[in-house]
Amino acid sequence: NNGASANNNEDEDEPEPLRNFTLKQLQHFNGAIDEKTDEAKPVYLSLAGVVFDVSKGRNFYGPGGPYEVFAGRECGLALAKMSLDD
């Protein structure tokens, strides 16, 4: 039993990979099907310059989801203004 708990703690302590993108690079990670691989791309969004992998929430943030407009974008200002207008 202690072994299982230790393994769970190790997984939680594993650091997230650093994600540094330009805004143009970030746009690629919108959850759409990649034309080259025919696989769904990861879904990332950025909030105040911090990039989050929201791929597990693909139903919300991916294509066809209610928040798909945030996928592959910097969302800080849009969320503050409740608008995606520049």
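Mentor: A residue counts as buried under 20% relative accessible area, as exposed over 50%, and as partly exposed in between. The model before us is predicted, and these classes apply to its computed values.

Trainee: Why is Tyr61 called partly exposed?

Mentor: The relative accessible area of Tyr61 is 26%. Because partly exposed is the class between 20% and 50%, Tyr61 belongs there. Tyr61 sits in helix H3, which covers residues 58–61.

Trainee: What does Tyr61 touch, leaving out residues up to four places away in sequence?

Mentor: Tyr61 touches Val43, Leu45, Val54, Tyr67, Glu68 and Ala71. In addition, the C-alpha atoms of Tyr61 and Gly31 are 7.9 Å apart, with their positions 30 residues apart in sequence.

Trainee: How is the protein chain organised along its sequence?

Mentor: The pattern is α-α-β-β-α-α, made up of four helices and two strands. Of the contacts with a separation of 6 or more, 40% are between residues 24 or more positions apart.

Trainee: What makes Phe29 and Tyr44 an aromatic pair, and how do you know whether their rings are stacked or edge-to-face?

Mentor: The structure holds five aromatic pairs. For Phe29 and Tyr44, the ring centres are 4.6 Å apart and the planes stand at 20°. Rings pair if their centres lie within 6.5 Å, and planes under 30 degrees apart count as stacked; the pair meets both conditions and is therefore stacked.

Trainee: Which parts of the chain does this pair link?

Mentor: Phe29 lies in the loop between helix H2 (23–26) and strand S1 (44–47), while Tyr44 is in strand S1, so the pair links distant parts of the chain, 15 residues apart. Phe29 and Tyr44 are both buried. Ring pairs also join Phe21 to them, giving a cluster of Phe21, Phe29 and Tyr44.

Trainee: How do you know which class the pair of Tyr67 and Phe70 belongs to?

Mentor: Their rings are 6.4 Å apart, centre to centre, with 25° between the planes. The limits are 6.5 Å for pairing and 30 degrees for stacking, so this aromatic pair is stacked.

Trainee: Are Tyr67 and Phe70 buried or exposed, or in between?

Mentor: Tyr67 has a relative accessible area of 42% and is therefore partly exposed. Phe70, at 15%, falls under the 20% limit, so Phe70 is buried.

Trainee: Which residues form the largest nonpolar core, and what makes them a core?

Mentor: The seven residues are Val43, Leu45, Val54, Phe70, Ala71, Cys75 and Ala78. A core requires buried nonpolar residues joined through side-chain atoms within 4.5 Å. Leu45, one of the seven, is in contact with Val50, Val51, Phe52, Val54, Tyr61, Phe70, Arg73 and Cys75, leaving aside neighbours within four places in sequence. Across the protein chain, buried residues make up 23% of the 86 residues.

Trainee: What makes Phe52 suitable for a surface patch?

Mentor: Patch residues need over 30% relative accessible area. Phe52 has 39%, so Phe52 clears that limit while being partly exposed. Phe52, found in strand S2 (residues 50–53), joins Leu47, Val50 and Leu79 in a nonpolar surface patch of about 320 Å². The accessible surface of the protein chain comes to about 6700 Å², of which 51% belongs to carbon and sulfur atoms.

Trainee: Why is Asp38 called exposed, and what is noted of its phi?

Mentor: Asp38 is at 63% relative accessibility, which is over 50%, and therefore counts as exposed. Asp38 has a positive phi of about 60° although it is not a glycine. Its place is the loop between H2 and S1.

Trainee: How do you know the class of Ala48?

Mentor: The relative accessible area of Ala48 is 68%; since the limit is 50%, Ala48 is exposed. Ala48 lies in the loop between S1 and S2 and, although not a glycine, has a positive phi of about 55°.

Trainee: Why is Ile33 called exposed, and which residues does Ile33 touch?

Mentor: At 52% relative accessibility, Ile33 is over the 50% limit and so counts as exposed. Ile33 is in the loop between H2 and S1. Not counting residues up to four places away in sequence, Ile33 touches Asp38, Glu39, Ala40 and Lys41. The C-alpha atoms of Ile33 and Pro63 are separated by 9.2 Å, with the two residues 30 apart along the chain.

Key:
Residues numbered from 1 in each chain as written. Predicted model: local features only at pLDDT ≥ 70, side-chain atom pairs only at ≥ 80, totals over all residues. Heavy atoms only, no water. Patch = residues over 30% accessible without salt bridge, like charges linked within 9 Å, V, L, I, M, F, W, Y side chains within 5 Å. Areas by Shrake-Rupley, 256 points an atom, 1.4 Å probe, with all protein chains shown as cover. Salt bridge = Lys/Arg side-chain N within 4 Å of Asp/Glu carboxyl O. Buried < 20%, exposed > 50% of the residue type's maximum accessible area, 1.4 Å probe, protein only. Contact = heavy atoms within 4.5 Å. Phe/Tyr/Trp six-rings, centres within 6.5 Å; stacked < 30°, edge-to-face > 60°.
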